[in-house]
Structures are given as C-alpha cells and as structure tokens.
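Here's a quick briefing to skim before you open the viewer. It goes from the chain-to-chain contact down to a single sheet.

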Amino acid sequence: MSEFVEVETIAALQELVRHSESILVVGNRTKPALSSVTAPTQLVSTRSLSGIIEYEPSEYTFTALAGTRLAEIKAALAAKNQYLPFDPFLTEADATADDNAAAGAGATIAGTLAAGISGPGRHRYGGVRDFVLGAQFVAGDGNLIQSGGKVVKNAAGFDIPKLLVGSCGRLGAITALTFKVFPRPCEFHTYRLQSADHEDASRLIAALARGRWELDAIDYRSESRSIWIRIGAAKAVCDAIATDISRSLQTHTVEPMTDEQAVQSWAPLMQLRFGGSNRRSIVKIPMVLQQMQRLATWCDDRSDKVSLHASVAGSIGWLAVADDMLADVDTFLVDASMTGLVIRSDQDSTGRWMRGTRRSAPIDQKIKEAMDPPGRFPNLGGE
Amino acid sequence: MPSVDLQTLRDLLPPGRLSDDAASQAAFESDGLTAFRCRPLAVVIPQNETEVVQTVRWCDQHAVPFVARGSGTSLSGGSMPVAGGIVISLNRLRQIIKVDPDNRIAVVQPGVINLHVSAAAARHGLYYAPDPSSQKICTIGGNIAFNSGGAHCLKYGMTSNHVIGIRAVTASGEIVTFGGESLESIGPDFTGLFCGSEGLFGVALEITLRLLPKPECFHTVLVGYRSLRAAGDAVSAVIDSGLLPGAMEIMEALAIEAAEAATQCGYPKGAAAVLIVELEGPREKIEAEKKQLESIIAATDAFETVVAADDQQRDGIWAGRKSAFSAVGKLSPDFLVQDGVVPRKRLGEALEAIEGFSKDSGLRVANVFHAGDGNLHPLILFDDSVDGELERAEALAGKILDLCVQMGGSITGEHGVGMEKREFLPKMYDEPTMELMHRLRAAFDPQTIANPGKMFPGAEAPALSSHGLHPLEKAGVISRE
C-alpha cells in the first residue's frame, strides 16, 4: 500500500485525483476495512477539509466539509435542539482503535455517507440516504461536481448524492455535503422487552413496527433475546406509550431502562464495539425478519465467536465476529443469498469489503465509468 | 427520423397491443402540461413485463425513441410523446404483487395507482406515505420517474425515500435489479439514482415500496391571517418551536376565494392568507403537541383559528386546499403552475418578487405553497386566445424559476424538470455537473432513446397549443399541487 497523505484544499485534492494512477479518499479511518485495498493505491485523507460551512436551523439544513467530525456536527445541532435522526455511528473518539486518527477523532460526515451506514434511529425517519440533500465531490476526471441542492426539497436533475451513499469512495472524492436535519425530541427513553426465542422476537418486532406508537428505534440483541425500544418524547408520554404496548401485546411486558442502563446498552453498539474483545470485526448485513431469524440461529451455534445485534426492526444485522470467522460468515451469506459489508476487520487484508452474494451487473461498471472515466478510484467490488 | 417498419414490432407482440391509428395517437398526445401536444408514431399497451421488455429492446435495435407513461399526470410535460416515437402505456401492469406487513413493504408493478397501495396496506394498519395531489390517478411508475412529492414531504420525504428496490429494463435492454426487500443494501444506492431520472434510464418493471404505520391521530388547524407575512411568521414560529408537523400549507386570497366558491370549505372570510398545520402521530404525543401548537398560534397575529373537530371537518379543510388550483384555474381559460423551491426564510421575499413580476406582466398569479419546505406553487393565469399571453406567461414563469435559483433554491421541488423547465437545469448546475449527468444517462441509454427531450436542454419542443384544463382536472379527479 502506498503512503497516506492529507489534503488541505479542494484544489489539492483535484490535482491528486488528476495525477494519481489509483486513489482512494478516507476520513478518520474508523471503518478501516472499507479502505483496505490490495492494489497500489494512494490513500488520501480529507480530514483536514473540516468545518460546518452553513447551518440554518430555520431551514433544517447544514452544509459541512467532508472531513468534519460527526461529534462537531452533533454538538452544533444539539445547541439548536436539532439532530440527524438516522443516528450516525462512531461519533465518539474510540480509545480502543488501533488507528491513531480513529482513536482521537471519531467518524467524519463524508465517511458516514460513503459507508452508507445508519444507526437504530433509521427506523423512524429513514437512513443517511434519506437525509442527504447535496454533495460536492471530485469526479474521476478531476472536475469538481456540485450535485443535488441545499434546500429540503429538490427534484432537479439526477439524484447523484444518493448514488454516493454506500459507494465507499469508489465513485468520487467527497468534499462537502448538505443534509436535512430534524428538531430533536425533548427526551429519549429506552424500554426492554424479553422474547422467548428468535421466532417470538421476530413476531414481536413486526407487531411493534406496524403499531400505532411510532417508535424511534426497535433493536434486538440476539444473545439475550432482548428487544430494545426507544421512544422520543417526554417521560410521561413515553411511559404511557410503553404501558399501552404491554397492554396491546398481552403476553409480554415492556420494562423501562434507567438512563444509565440505556447508555450502557446503546453506547457499545453506537461505537460498533458490542461484541467484546475477541469479536472485533464488524459486518453489516441487510436483511428482512425471516433472514434475521436464520442469521440469529446460525450465530447461536457460534456464540463464543459471533454476536448479532439486529437493528432497525430486523432490517440490518450488525455482526461482531472473531477475525478467523469471516470466511464462515462468507459461506453463510452465500448459502442464504445475502450480502455483507465488512466495516472493520483487524486481521483481514484481502480488501474484500463486500462479502456473501455479490452483485456483478454490467450496469454497475457503466455507472462507475460515467463517474470515473479514467478509472482513478478502485473497483466497486471491493477487491 | 428514419422510416420505421412498425410491422416488426407488431409481429413481436400479441394482437391488439400496438395501435397507430389517429384516435390512439390523439389519446396520448398530451399529459398534465396541457399547453403542449405531440402525436406519437404508435402506442403500445403491454399486458405484462415481457411485452415491455420486448418493446424496449425493439426500440433499442431500431433506434426508435420511446416514452413510458402511467396516467399522464406529469405537470412538467415529462410524459409528453415524441414525434416518431413509441408511447409505452403501463396502466395494465397494475398488479400489487405482495404486501408484506411484517417487513412493512409492498411490491408493485409500475402501473399501480398511488392510492391503491395504501388501500391494499390499510388492513395491516399501514400506508404508503408519498401523497401527490393526483394520487387518486397517478401511478407508482410515474411517481418514481419524477420523484413525486406531496403535502407531507417535510416530515416523510419524497418518493425516493420510500422506494427500496427497483427491477427495470434499461433503454439498452438490460434487465437490472437495484436494492431489494431490506431497507438497507450494500454498495452505491442505485435505487436512489433511478428515482427521479425522469424516464431517461429505462422503464421500472417492479418496485419495492416501504410502508409506514398509519398515523393514529390527526390534529388539523386552519388559521386565518390579515397578511401573508403574518402567515409566514407563524410558519417560522412553528419551525422554531421544535414541532415537526406532517404538513404546513399556505394559501393566499385569490386561491382562498376560488376554493371557497368551488368547495364551500369554510375558510376564514376576509383572510389575506390561511395557514393549515397538521400534526399526526400516536394520541399520547398529539395530546402534548397540540397544546404546544395552540400556544404558538395564539401568539401570532391570527384573526380566526379553526381546529378540525372530526374527520369530516379535516376532510373539508383539505378539500379546500387540494381543490385550490383547479378552482383558481377556472377563473381563467389557461394557467401554468410552477413548483420552484426557495429557502423557507426567504418565502416572503420571493412572494413579494412574484407579485412584482405579476404586475409587470399584467397577468394574475395566485399562490398556494408547501410552507414547511419552501415549495412555491405560483399559478399564472392567462388566456391563450389573446395574442402573446402564453409567451408572457412563460416569461413570467421563467422569472420565477430564475428567482428560485438566485435564492439558492431549486427550479423544481416535486414536478420534475420534464420538458417544461429543461432550459433552466444548467442554471442550477455548472458545466462539469451537466456533463456528468449526460454520462450517467449514456450509461443507461447510449442512443438517447428513452424519453428524449426531457430534463436536458436543446431538444426541439413539440408544437404549442392551447387546451385549458386537463380533462381529468375538469372532471375533478385530479388537481395540481
């Protein structure tokens, strides 16, 4: 791998893109597997392109440079009682990270978008794809592109900002992003619901998700068969809703968590460090409820090396696995016709951030060539 | 256009699918942008996905342009036929393939009508959130092509926020699958790119939609103001309070008067502007939020406040709003409607400028808008039988679009660029960005045969002619938003 450089200006980034054979932009490397490449590639950090350029609380929008830390954005929004409802991960500095930058800073806004990952709050209002409004980026030909808009509603032109979601830096080098934000509920409260088994959990999650209560988050920790519900409102309102859920379900009781318990429950997930010290690799797995049951059962047989946290009402599986289990995960995903995204792996250096069943449609490559005519960025497939 | 042997296409398809007689051509010659018409070479009405793919591949092989079309309600001329081209009418691909209540998704064909998705999901307590005003008649395929909006975009987003998977045939005949049944996917969000591509990439064949739980309660408030500015200030106050209403709409005097005449909606008499604010959610939350909203409204310069006491009264309030454009349109033989967006804080400034444009042009403009997201809907009234009025109306519309761009907004919030606003797209995006969009189009459609003449400037416009209201609008089936 080539050496790692930092750019201070957009113009410098454009020059690097124009003159590199192969280039990949990173932020603070909190998701290192996504920038793991085997071919010689110039890694460029945009973490110095940092700062909130515009923030208009009355417009529900902000624009920030690519390397702006989520923590900075979160603090600026909180000061105006606003937030990013999709709960971006890895906001806090991570003292256990091997990489110094990640340890000291936490994730950037562009890294979050490029990885296409959203936290538990995705359940209520949508994910990172649903909140990005505009993207400025350097295309493969070195040109600076201004896509999307800066207002909350815009249907003009192709929605290129969405295309960049999940592109892992393979379609362009992001320099600035505009997001929609929402007013933040005055409080959040978390409740726990104990299921008997994965099938029971699946049934409960389905009932909770289509109920009248409009819950902010519905997550499931498969090892403990425990469902976590988060509600955004004043305590009395949340308690009334929780009581009604218990009444409606009849067979299960919703128990409140104390604030401390809630923090202890959510914080390791939000740092993607929920699997303990021997399960440090993290794989994101899109799924539906039926697949969640199958994956959870598979994890039960490997409980010493694999932990599953099913988020967003069973739509996203977060797998914490021991590094030597990644090949087994791969096999499972292929058998189940599912796909996974390796976010972090301490030992794997294959550059294979996509696991399981792979896309290989001709249109993918044509879109890549449109975004990156000279082929400066690594292949979409992650190898 | 080289001569085309339609017989080869006719031979590919079962009998009766292709029509090229004058009556069929005439039936599809226009869409919701009624000032324009263009007769296609032929119309294909496929019964299934295979016939759609066969037709697209035939067009690709013979370099014949095609326009896929649902119910033809596009207000930007997005489904306008192309001379010498084929219209592929998708209305018979109207199967709701499945509703999966546990995962809160519906899988549908492109010709399914928007409101039918919610109807199918209702027994599970679910609904499909995007609600363009034409939702009784417009199709999901058309909604995807133009990334349709509606009154509830501020809280719930646009069509693309509710589409999680698409299977499509590209203009070059490739079958592609983007996304799937999970809310999330891995890799670039191709589904998001396809939404809002205005039919330039190909034809959606099967769509996976995200469903939401139906809101349990609504709290709908209608407030009368003596000035538009006071109504605008009230919107700011609601936004600043931290409430997130499902909808916030403003109508001004001309629109109020017309809506009252059309629907007897009981709007406050003598109001210069009315504001509709709607909260929605579980009863526990609404109970708390409605008190907050009440105190916010009480602190504004409202002269009359009506709280909908029941569903009937709520429907009445919305009937006035939803009928506003059709009602205003009846005051004039013809009208144009724009849907530019400005930053919310500049709404008052934008409306004052529009008033000035109106005076300069001698044409009346009525304003109805989604106040929560700065989405204007100025309605420009004109009479095409008067020499030069259409041109003046178009010039006025152009000034409004320029204004939206200058203010940092957008030329379209929910109708799409289509044919109507294609000359304005380069005002929003610089040359490298436009070139990139052309390259993306070429990735799907190297021959530029899919819905040509839309979104990008430079193509010839179909002949102008005057037609007044859309027939469905006259019948009160659809309305413009």
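What follows is a short tour, grouped by topic. Keep in mind that this is a predicted model.

**Where the chains meet**
- On the chain A side, 63 residues are in contact with 75 residues of chain B.
- Several elements of chain A each supply at least two residues to that side, among them α6 (128-131), β8 (144-148), α8 (198-209), α9 (235-249) and α13 (362-371).
- The largest share comes from α13(A), with 5 residues.
- By residue type, the side of chain A that touches chain B splits into 35 nonpolar, 16 polar and 12 charged.

**Domains of chain B**
- Chain B is carved into domain 1 (6-91 + 443-474), domain 2 (96-213) and domain 3 (217-406).
- Between domain 2 and domain 3 of chain B, the C-alpha centres are 28 Å apart.
- Contact there involves 6 residues of domain 2 of chain B and 9 residues of domain 3 of chain B.
- The domain 2 side of that contact, in chain B, has 3 nonpolar residues, 2 polar and 1 charged.

**A sheet in chain B**
- Five strands make an open, antiparallel sheet in chain B, ordered β5-β6-β10-β8-β9.
- At the edges sit β5 (96-100) and β9 (175-179) of chain B, each pairing on one side only.
- Direction aside, neighbouring strands in this sheet are turned by 15° against each other on average.
- β5(B) and β6 (residues 105-108) of chain B run antiparallel and are joined by 4 bridges.
- Asp100(B) stands opposite Ile105(B) of β6(B).
- Helix α4 (residues 114-121) of chain B lies across β5, β6 and β10 (202-210) of chain B, at about 45° to β5(B).

Technical notes:
Residues are numbered from 1 along each chain as its sequence is written. Chains are lettered from A and ligands numbered from 1 in the order in which they are written. This is a predicted model: local features need pLDDT of at least 70, side-chain atom pairs count only at pLDDT 80 or more; totals for chains, interfaces and linings use all residues. Domain bounds come from an automatic or database domain assignment. Two residues are in contact if their C-beta atoms, placed from the backbone, lie within 7 Å. Ala, Val, Leu, Ile, Met, Phe, Trp, Tyr, Cys and Pro count as nonpolar, Asp, Glu, Lys and Arg as charged, and the others, Gly among them, as polar. Two strands pair if DSSP finds at least two bridges between them. Axes are lines fitted to C-alpha atoms, for helices over the stretch in contact, and angles run from 0 to 180 degrees between N-to-C directions.
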